Each structure stands twice: as C-alpha cells, then as structure tokens.
Amino acid sequence: MKHLLSTADLSLDQAIALLDLSDEMALVNQRETRKLPTLRNKTVVNLFFEDSTRTRISFEVAAKRLSADLINFSAKGSSVSKGESLKDTVQTVAASGVDAFVVRHSASGAPYNLAHNGWIDTPIVNAGDGTHEHPTQALLDAMTMRERLHGIGATKGKDLNGVKVAIVGDIAHSRVARSNVQLLNTLGAEVHFIAPPTLMPKAFEATKHFNLDDALHQVKPDVVMMLRVQLERMNASFFPSESEYRREWGLTNDRFKQLSGKTLIMHPGPMNRGLEICAEAADSEQSAIVQQVANGVNVRMAVLYSLITGEKAVNE
Ligand code: NCD
C-alpha cells in the first residue's frame with residue numbers, strides 16, 4: 001500500500017502490524033535518546049489547508065523523531081490565498097523533492113485526488129478530509145484502547161474483539177467516527193453510535209441509539225468516545241440550543257458517575273468542555289484523552305516509517 005487514505009483500506013493483519021509498530025515507537029519515545037535515524041535525508045511536508053493543533057504538531061514531532069526534514073505548509077499565508085489551485089500548489093511543493101505528504105483539507109476526498117489523479121507520485125497520508133476520514137486518529141484511538149484494555153506491554157498481536165465502544169454526539173460531521181467505525185469493526189469491536197437523529201449518519205455498520213441514558217444503561221460500554229460538536233461544519237440548526245444538547249447528549253457529571261468505574265473515556269479533541277463533556281470526566285483517571293494525544297506521535301511515526309521505507313505493516 002502506497003498511501004494511507006482510509007481505515008477501510010487496512011486489513012486486520014495490516015492494522016495489527018501498524019499498531020504493533022506504534023507500540024515499538026512508544027518504547028523509542030520513552031528512551032533518553034528518542035530519535036531514530038531511519039528517515040534521515042527524507043523530506044515530509046505537512047500540507048494543511050485547514051486549522052489544526054494536535055494533528056499537525058503530532059506529525060511534525062513524529063517526522064522529526066525519525067530524523068526526517070519536515071516542512072510545514074499552511075494554506076493561510078501561502079499562494080492559495082492568491083487563488084492558486086490544489087494541483088498547482090501540490091506540484092510546486094513536490095518539485096522541491098518530497099518523500100511524503102501529510103494532507104489535511106476541508107474538502108472530503110482532497111487527499112484521494114492527490115493520490116489518484118497522477119498530479120504527483122508521492123505517498124499521501126490523509127490527516128483529515130472534510131467530514132470523510134481521519135485514519136491516523138482511528139489508529140491512535142485503537143492503540144490507546146489496546147493499551148488501556150489489555151495493559152501496556154501486553155498488546156502485541158491483539159485485536160479488540162468484543163470490546164463495546166460507544167461513539168456519542170455529532171457523528172454526522174465526524175471524520176473521526178467514520179474512520180473509527182471501520183477500523184473498530186476490522187479489529188472485532190462492537191460499535192454503538194449514540195446521537196440525535198439530526199446528527200446520525202445513515203450508513204455504517206454500527207448499532208444506532210437515539211437516547212443517551214437508555215443506550216449507556218443498555219450497552220454498558222467499555223469505551224465512551226465523546227465527539228466535538230462541529231459547529232463550523234453546520235450550515236443549519238441541528239439541535240435547539242447548547243443547553244439542550246448538554247442536557248440530552250453531553251457526558252455530564254451525573255452521567256459520568258453512573259458509568260462503571262472501568263469505563264474508558266475518550267475524546268479526539270479539541271473539546272468543548274461543558275458542552276459535550278464535563279471537566280470531571282475529561283480530567284478523571286478514567287480519561288485517556290492525554291494518552292490519545294501522546295499515542296498520536298507513536299502512530300504517526302509508524303505510518304510515516306512504513307510508507308516511506310516500504311517496510312512492515314502498511315506495505316505488507
Ligand atoms: C478532530 C478532527 O480534526 O477531525 N480533531 C483531531 O484531529 N484530533 C476532531 C474534531 O475536530 O472535532
């Protein structure tokens with residue numbers, strides 16, 4: 001496999017190999033010398049046409065830990081604001097000699113265009129395209145679940161068979177949910193979508209629930225993944241008010257206290273604290289939110305390594 005565009009492209013073996021490699025990268029990141037020489041002389045370009053904090057920084061750290069040269073391109077402040085097209089922009093950057101592009105774009109499918117229409121011949125990692133996919137986020141979520149549910153050091157070769165994952169909130173606009181449901185199904189997890197009808201997508205292999213309290217009570221999930229309400233992607237009113245959303249769909253302190261003390265709490269960030277998730281849940285011992293960010297670096301090191309060197313996991 002040359003690119004990482006969608007979690008649907010990963011077989012079970014490929015997914016597990018990538019997660020195992022991410023675990024190895026985690027060990028490297030705990031050493032005093034955290035840098036590997038593997039991608040010396042290689043150039044990675046972060047091509048970000050949409051705002052980002054954790055994903056952009058995480059790819060940057062990952063590339064640098066592997067000794068690659070990293071160029072950060074953000075559309076703001078570039079010739080894109082003079083009207084340069086995606087094709088011209090990417091061909092211009094590629095002409096300087098690039099070994100992998102990490103692409104974030106507000107248009108669903110933009111990384112597919114770059115990968116498949118012959119403009120460039122460079123591996124592409126999809127770092128989030130519109131409401132479509134965000135495969136490295138799903139991988140870092142799966143890595144975190146493996147660590148928390150099987151135990152760090154006991155993850156090698158393991159899937160997520162039978163693990164019950166509830167994904168809650170603005171699923172319709174969420175590329176995180178889309179990439180997650182596909183990867184979680186591949187890994188054998190049982191996925192439940194919990195959302196108001198206006199924010200519930202039609203497709204996807206997940207059991208659907210339209211009442212949060214009933215669903216949490218009935219499913220008793222091992223993992224509750226809260227999603228950000230993506231107001232910037234809403235061109236209409238999808239719920240009456242923020243206070244009603246919080247009351248019906250938020251992980252409030254009351255709801256959090258009713259969950260089993262073992263339930264893992266996740267959120268891809270950035271969080272709307274006090275809207276979809278309360279501070280008590282986000283900052284609790286059960287929360288894996290900071291671990292998710294840390295694992296972002298591990299997973300992205302594994303992905304860049306696999307795509308650029310052609311070794312292990314993605315290229316098997
Ligand atoms: C997500 C994204 O950008 O899709 N954030 C992230 O990458 N961690 C989720 C979001 O924006 O809500």
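Axes here are lines fitted to C-alpha atoms, for helices over the stretch in contact, and angles run from 0 to 180 degrees between N-to-C directions. Keep that in mind for the first stop. The model is predicted.

**Stop 1: H1 against H11**

Select residues 12-30, helix H1, and residues 289-309, helix H11. The two pack at an angle of about 115°, and their axes lie 8 Å apart. The crossing of H1 past H11 is right-handed. Now show side chains. From H1, pick Leu18, Leu21, Ser22, Met25, Ala26 and Asn29. From H11, pick Val297, Asn298, Val299, Met301, Ala302, Val303, Tyr305 and Ser306. Colour this contact by residue class: ten are nonpolar, four polar and none charged.

**Stop 2: after H1**

Move on to Asn41, in the loop between H1 and strand E1 (43-48). Most residues other than glycine have a negative phi. Asn41 has a positive phi, near 75°. Is Asn41 buried or exposed? Asn41 is exposed, at 69% relative accessible area, because the cut-off for exposed is over 50%.

**Stop 3: helix H2**

Select residues 54-65, helix H2. This helix has twelve residues. From first C-alpha to last, H2 reaches 16 Å, close to the 16 Å expected at 1.5 Å a residue. Which residues of H2 are buried? They are Thr55, Ser58, Phe59, Glu60, Ala62, Ala63 and Arg65. An α-helix has 3.6 residues a turn, so residues three or four places apart point the same way. Ser67 follows H2, and its phi is positive, near 70°.

**Stop 4: the five-stranded sheet**

Display the open sheet in its order, E7-E6-E5-E8-E9. Its pairing is parallel. At the edges are strand E7 (207-209) and strand E9 (264-266), each paired on one side only. Ignoring direction, neighbouring strands are turned by 20° against each other on average.

Centre on strand E6, residues 190-194. E6 and E7 pair over three bridges, in the parallel sense. His192 has Thr207 in E7 as its bridge partner. On pairing with E5, E6 forms five bridges, again parallel. Look for Val168, which stands opposite Ile194 in E6. How many residues of E6 are buried? Four of its five are, and the strand is mostly covered.

**Stop 5: helices on the sheet**

Add helix H6, residues 175-186. H6 lies across strand E5 (164-168), E6 and E8, and runs at about 155° to E6. Then add helix H7, residues 212-219. H7 packs on the sheet and touches E5, E6, E7 and E8. The direction of H7 makes about 165° with that of E6.

**Stop 6: three loop residues**

Go to Phe204, in the loop between E6 and E7. Its phi is positive, near 90°, in a residue other than glycine. Phe204 is partly exposed, with a relative accessible area of 27%.

Next, select Phe238, in the loop between strand E8 (223-226) and helix H8 (242-249). What does Phe238 contact, leaving aside neighbours within four places in sequence? The partners are His173, Thr198 and Leu199. For a distance check, draw a line from Phe238 to Ala75: they are 29 Å apart, C-alpha to C-alpha, and 163 residues apart in sequence.

Finish at Pro270, in the loop between E9 and helix H10 (279-282). Most peptide bonds are trans. The bond from Gly269 to Pro270 is cis, with omega near -5°.

Definitions and conventions: Residues are numbered from 1 along each chain as its sequence is written. This is a predicted model: local features need pLDDT of at least 70, side-chain atom pairs count only at pLDDT 80 or more; totals for chains, interfaces and linings use all residues. Side-chain values use heavy atoms; hydrogens and water are left out. Contact means heavy atoms within 4.5 Å. A crossing is left-handed if the near helix is turned anticlockwise from the far one by less than a right angle, and right-handed if clockwise. Ala, Val, Leu, Ile, Met, Phe, Trp, Tyr, Cys and Pro count as nonpolar, Asp, Glu, Lys and Arg as charged, and the others, Gly among them, as polar. The expected span of a helix is 1.5 Å times one less than its number of residues. Buried means under 20% relative accessible area, exposed over 50%, partly exposed in between (1.4 Å probe, protein chains only). Two strands pair if DSSP finds at least two bridges between them.
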